[in-house]
Amino acid sequence: MGNVLSSLLLQVVNIVVGFVVPHALIGTYGSGLNGLVTSLTQFVSYVQLVEAGISSAAVFQLYAPLARQDTAGASRVVSAARVFYYKSGVAFTALMLALACLYPVFIQVEGVSSVGVFILTLALGATGFLDFFTLAKYRVLLTATQRNWVIQLATIAYKVLYTAVVLVGTFAGASIVALFVVAILPIAVRTAILVVYAKRNYPDIDFSADARGLKLDQRWDAFFLQVLGAVQSGAPTIVATFVLGDLSLVSVFSVYMLVANGLQNAISSFSQGTQASFGDVIARGQRETLKRSFREFQAMAYGVSGVACGVGIALIVPFVRLYTADIADVNYVHPLVGALCMVNVLLYHLKTPQGLLVISAGLYRETRLQTATQTAILLVGAIVLGVLFGMPGILAGMILSNLYRDIDLMYFIPRKLTGTAPAETLKLMLLAVVVCALIAAPYLVVLPPCNGWGVWAISVLVLALWGGLLTVALYRVFAREQFSGLIARARRLVARR
């Protein structure tokens, strides 16, 4: 429960920060420079892929020694991860220098010199640099021991300080380059919290243990899938940078993606901590427990997704209209783009329960072809449809890729792990779609006035309540067994409290 609550709090903070910071940047520097920061941030996230696979493979490899309380074995795995992170950090540093030099050559930016773009790029990459060389090894251990809440609380502290620095800097009229250089400082707080906590609570773990001869068995399989996953999450912004040909339009696209990612991450917070729990059950070979828990988790995840995305489809355009009411340099109101963003979020989360088991069970090699296919659909679809239809086309490419993966995992996970019926998963997926439509459709038909944040917030609460009632009613009729299991689990949790 601690992991879920801290994750939910972090997502709330991320959502607030995600909207406050771009709004401050657009208001002070304009949509063009906000598009520059968005584009650069996505490129930096791609450079960070030099560490792809290390965390996933190390966390998976830690489950067994931790389950048998083998401190020496766990120390060797953590130490091996440390060595990999250091090597990846060197590669990251070299690639960041290359990106900082090349970006100004290919993308012309008004208002910032080439030297300014160079410094801005390195400033945006500084957080990744510190991750590689200071706290990544601690994060692996905390994740494997289900102490995600520590990471999340440390990240919250960093986010709050970072936002304060940005707001003060924009209010003071600092240059955008100077602003992000100073914004590096708050990351030291997160680093200090994680280092101190890990050393105090895991005194028997030797982070410098002799790890010679130990390999992170599935590192390269995890690397492959993580790279493809990053391509899927970041490609839309990169494609928009080149296909739309205007950083102001990239800023518009980024605002809608910001809303979509905020909602997507908020929904994901309900599954925080479950990866390690499922991993432990799988490692112990408890198949019936896995099957029962997965069916209940899947029902909960789809119920939350259907309600959240229904509210999102109804209220994303009113939100963007209010959010950009004082911005006049470009039109931010695009209803079709908003609706497609929310449809994509729903399809993304229809595969979340199955995708979580892929990671928990370490099924990286077994899913490489499917993930590569999904990525190919995304890239081809986003580029071709983006050229033809602009922002809606890019989103259509994303939707097609997630639809493919939903269908694939619906059959793959039952066959490999759970033994559940694909028809059961399909039924729950359709229930989520029905709930989503029944929430959004009446609102979009009536289109009640939403001329202030108070009205918008009340609309969220009313639609969410309506969606919750719909979900309960439909589950009691069409998913009675999973509904009863969730109620029983909730009662046990309350009784323990």
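Q370 lies in helix α15, which covers residues 368-389. The model is predicted, and this briefing goes from single residues to helices and then to the empty spaces between them. Q370 is a useful place to start: its relative accessible area is 12%, so it counts as buried, the cut-off being under 20%.

**Q370 and its surroundings**

- Leaving aside neighbours within four places in sequence, Q370 is in contact with Y404, R405, D408 and F412.
- One of these partners, Y404, is 34 residues away from Q370 along the chain, while the C-alpha atoms of the two residues are separated by 9.0 Å.

**I413 in helix α16**

- I413 is placed in helix α16, which runs over residues 391-418.
- Is I413 buried or exposed? Its relative accessibility is 0%, so I413 counts as buried.
- With neighbours up to four places away in sequence left aside, the contacts of I413 are F294, Q354, L357, V358 and T418.
- I413 and L463 are 50 residues apart along the chain, and their C-alpha atoms are separated by 33 Å.

**Two threonines**

- T471 sits in helix α18, a helix that spans residues 453-478.
- T471 counts as buried because its relative accessibility is 10%.
- G303, V307 and V435 are touched by T471, when residues up to four places away in sequence are not counted.
- T324 is found in a loop, the one between α12 and α13.
- Although it is in a loop, T324 has a relative accessibility of 7% and therefore counts as buried.
- Which backbone atom does the side chain of T324 reach? The side chain of T324 reaches the backbone oxygen of V320, at 2.7 Å.

**L447, an exposed loop residue**

- L447 belongs to the loop between α17 and α18.
- The relative accessibility of L447 is 56%, so this residue counts as exposed, the cut-off being over 50%.
- L447 has a positive phi of about 50°, although it is not a glycine.

**Helices α10 and α13**

- α10 covers residues 247-268 and has 22 residues.
- From its first C-alpha to its last, α10 reaches 30 Å, which is close to the 32 Å expected at 1.5 Å a residue.
- How many of the 22 residues of α10 are buried? The number is 17, so α10 is largely enclosed by the rest of the structure.
- α13 covers residues 335-349, and its end C-alpha atoms are 22 Å apart.
- That distance agrees with the 21 Å that the 15 residues of α13 should span at 1.5 Å a residue.
- The buried residues of α13 include V337, G338, L340, C341 and M342.
- Further along α13, the buried residues include N344, V345, L346, L347 and H349.
- The cover over the buried residues of α13 includes α10, α12, α14, α16 and α17.

**The second largest pocket**

- The second largest pocket holds about 690 Å³ of space.
- Its lining has 27 residues, and I15, L263, V311, W456 and V460 lie nearest the centre of the pocket.
- Four helices, α1, α10, α12 and α18, each supply at least two residues of this lining.
- Which helix gives the most to the lining of the second largest pocket? The answer is α12, with 8 residues.
- By class, the lining of this pocket has 24 nonpolar residues, 3 polar residues and no charged ones.

**The second largest cavity**

- Rolling a probe the size of a water molecule over the atoms shows where empty space is left.
- A search of the whole structure finds 2 cavities of 30 Å³ or more.
- The second largest cavity has a volume of about 80 Å³.
- α10 and α12 are the elements that give two or more residues to the lining of this cavity.
- The lining of the second largest cavity includes I267, S268, F297, M300 and H349.
- α12 gives the most to this lining, with 5 residues.
- The lining of the second largest cavity divides into 6 nonpolar and 5 polar residues, with no charged residues.
- H349 appears in this lining, and H349 is also one of the buried residues of α13.

Terms used. Residues are numbered from 1 along each chain as its sequence is written. This is a predicted model: local features need pLDDT of at least 70, side-chain atom pairs count only at pLDDT 80 or more; totals for chains, interfaces and linings use all residues. Side-chain values use heavy atoms; hydrogens and water are left out. On a 1 Å grid over the protein atoms alone, a cavity is a set of points where a 1.4 Å probe fits but cannot get out, and a pocket is an open set with protein on both sides within 12 Å along at least five of seven lines; lining residues have an atom within 4 Å of a point. Grid points are joined across faces, edges and corners, and a volume is the space filled by probe spheres set on the points. Ala, Val, Leu, Ile, Met, Phe, Trp, Tyr, Cys and Pro count as nonpolar, Asp, Glu, Lys and Arg as charged, and the others, Gly among them, as polar. Buried means under 20% relative accessible area, exposed over 50%, partly exposed in between (1.4 Å probe, protein chains only). A polar contact is a pair of N or O atoms within 3.5 Å; within protein, one must be able to donate a hydrogen and the other to accept it, and residues adjacent in sequence count only if both atoms are side-chain atoms. The expected span of a helix is 1.5 Å times one less than its number of residues. Contact means heavy atoms within 4.5 Å.
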